[in-house]
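Student: Could you take me closely through one part of this model, the side of one chain that touches its partner, and set it against the fold of the chain that carries it?

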Amino acid sequence: MTAVWINQILQGVMLGGLYTLFATGLSLSAGVMRFVNIAHGDFIVLACYALLLLTTMLGLNPAIATLAVLPIAFAFGFGLQRFLLQHVVGDNVLLVILVTFALSIIIENGLLEGFGADPQKISGGWMETATIALGHGINVGVFQVVTFAAAVILVAALDLLLYRTGIGAKIRAVSDDVAAANLIGLSSVRIYAIAMGISFVTVGVAAGFMSIWTNFDPASGPTRLLIAFEVIVLGGLGSLWGSLVGGVVLGVAQSIGGQFDIAWQIMAGHIVFLIVLALRPQGLFPKY
Amino acid sequence: MDLRSKLVLNGARVAFVVAVAAMAAAPFLFSATHIVLLTEFMSMLVLAIMWNLLAGYADIVTVGQHAFVGIGAYAFFGFTALWGLNPYLAIPLGGLVALVISVPTMILVFRLRTAYLAIGTWVVAELLMLAAGKLSAWGGGSGTSVPISIILSFGSTRGDRLATIYWLAFGLAAVAMLVTYFLLRSRIGIGLTAMRDNEEGAAAIGVNVTYARALCFLGTAPFLGMAGAIITLQKLRIAPPASFSITAWTVFIIFNVVIGGIGSFEGPIIGTVFYFLLRQYLAGLGAWHLILLGGFSIVIILIEKRGLWGLVRRVLSDDLIPIAHKPSAAFVTATKAASGPAAIAETQEPAS
Amino acid sequence: MTTTAASLLLAVEGLSVFNDKFRAIDHVDISVGAGEIVSIIGANGAGKSTLLKAIIGQDDRVEGKISFAGSDIVGQATETIVASGIMLVPEGRRLFPSLTVEENLRLGWSVGRKGAIGFADVWRQFPILAERRMQKAGSLSGGQQQMVALGRALLANPRLLLCDEISLGLAPKVVNELYALVPDIKRRGIGILIVEQDIERSLTVADRFYCLLEGKVTLAGRPGDVTRDVVMKHYFGL
């Protein structure tokens, strides 16, 4: 009996890894540019479809496809920020919400027109079905562990980038005070674009794992956004390692809820989120 | 104001009054198909006015107002179909339930700021939709139809029913407009405008910012709920994804208000009209029509932040429906005489 | 009252800067030579900060000419202007609070030209910062923050330093320490354009000065050539 529950919790922790992958890109764009990209989930789904094309039409191995997508993702994010979102960044948060909301609709409907509404999935081969037995009836999927490891590595890498590199310091500077940055000769326009590019690289990584972990369809974007959003609020705005904890909390909540049915799985996540919001609105490890 | 501008402005005002009168008498003037369309228009107008009040005046951007629309729908169904209350009574009761639920919602989401608040409202909406899907008496996940007996209580013939439901929708829209109008012209309304221009300044002169915001948030809930009840009468069904549809009750509404002109009284009206015209002429495009709407709203934001109404306003000398209080002519001349050449303040930024 | 053409660093000619509805700066002529200390004095709102921001490239509603080392820099991005040798010490310090002292300084070093001034010079000049190099800039006192702001600007190895109200909000003793650095900067051949509300301090250290009132230059010259009374009159526009 307990083995079932431990398995569920373990599953939830691994799921938390996937959720952290969703959240890191949002954490970056929200933390640096101070706006919430409502199309964030849709971009993850867009990347999934790109990976689908690469794996089915070019027959690429999913890992290779993901690596191939990353530089494209950077360029895409850089361009999106530099040429579209830069025009609406600023004090008026409404503008950004509207533009990213519109983008979200455009992507969803574009994907619908292009690929149809059928759910898709990429096969992860042997890794997807292999499990590791931990004894006493406790098992964990290999792919799940790899995903969790990827999340930890990604968070660590971003942490390194932000706190140990020159560009990282510049990103944190514009995030602190963009006007001051401009005054001393930092090009906030270019730095924002770089930050967005990095955010999109994480979107590419997230898509790489999501496309194998679960089904996706053109309408999957919003649920990913809500998950990413809940993770960063739970973890504490601005804290990358906090998102890892937030992801795990959400994953475990969902996993336990999922014992009953799908609706309860999602509801459990929202309920836990609202409870934490009620009791500790600044999140678990707030930086601001 | 020169004579020509005055003529144009007053002409526009007269046209507006005539339009309102026509709308009031619509069931006598238009065919059944048109009445159905106008009923939908009125419902969407209510939603647009409410979202605009929050986002355009109270500085609260929400993307979760469909929560209250759905609650109104489900509460309405509960009161009348399940517990046998008078359907006409069930509509305002639906609004009341929405109001009740808006209180804990507000307490929770007001802990977040700006964009996070917006998505917080979305989370609440999702939760409520999922919870609604668990209510078996309401048809669970697939929903159920409104019982015939309820429908018949709005009129024995189809024509009568359409007219009654239309007048309910029109009535709600009219009340929504009047309440918004008086609110914006009241002390609270002026405080809101001050808050919108400069929050710290407004607080410094005694505007209770939190109170104003809370009042607006809670105040929109009953209207959204009642709109939800009326929409249920049009759709004749309740179902979680339909009653709580983010696309229909939030996304479209937001696009419409932005295109029409956010933060103005006329904007939601223009935006909703534009939406219906677009839908009529582009009906065949399917998903593309949503993309078009989204794309157009982005273009509008980048060109003229005040929307289509903003473009009209460049030509018109004053608002169609005057909300702003104007200083008297005597006050204006006195102030001009008192101040010398404009003092240049380096650090001051004129409110736009 | 101009400097010789050979050592002329900055030449502002007929500059007007527009602010939403009016001219914040109105047909202003200013020059600064290498190793020269020029003061801009004026009351609050006279246009001093606007002038500096226009020079550093942060205002694009500008008419007129700004030449730096011979080339016109109007319309250039701040990034380019800083890289060519002008650096601003902004009003109110404007450090990045979540970054450490060292990180703040390093930003100055990375945006500017590489030259004679390096970290060793900054640590020597401001030993108290060397102690606090890993501390977050937001936790420093006002005077220490001003040192970091100055250090950040110096590490960019500018040829022209723009100082915006560096004494604002600081104790006199601290301000003295800061102004004590001026001769050393001058010795390196760096031109300094100082904006100050504190007339006394400003005129003591300056080689030349301009007085700004409502966006116009009302008085220009050497501090020694004019009496305090004359300066006051032009400061207040009496």
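Tutor: Helices and strands here are DSSP runs, with H or I over at least four residues for a helix and E over at least two for a strand, numbered from the N terminus. On that basis the elements of chain A run α-α-α-α-α-β-β-α-α-α-α-α-α-α from the N terminus on, which comes to 12 helices and two strands. This is a predicted model, in which local features need pLDDT of at least 70 and side-chain atom pairs count only at pLDDT 80 or more, while totals for chains, interfaces and linings use all residues. Residues are numbered from 1 along each chain as its sequence is written, and chains are lettered from A in the order in which they are written.

Turning to the part you asked about, 31 residues of chain A are in contact with 30 residues of chain B, two residues being in contact if their C-beta atoms, placed from the backbone, lie within 7 Å. The elements that give two or more residues to this side of chain A are α4 (93-115), α10 (221-235) and α12 (262-279) of chain A, and the largest share, 14 residues, comes from α4(A). By class, this side of chain A has 25 nonpolar, four polar and two charged residues, where Ala, Val, Leu, Ile, Met, Phe, Trp, Tyr, Cys and Pro count as nonpolar, Asp, Glu, Lys and Arg as charged, and the others, Gly among them, as polar.

As for the chain behind this side, 74% of the contacts in chain A with a separation of 6 or more join residues 24 or more positions apart, and its C-alpha atoms fill a box of roughly 65 × 50 × 35 Å along the principal axes.
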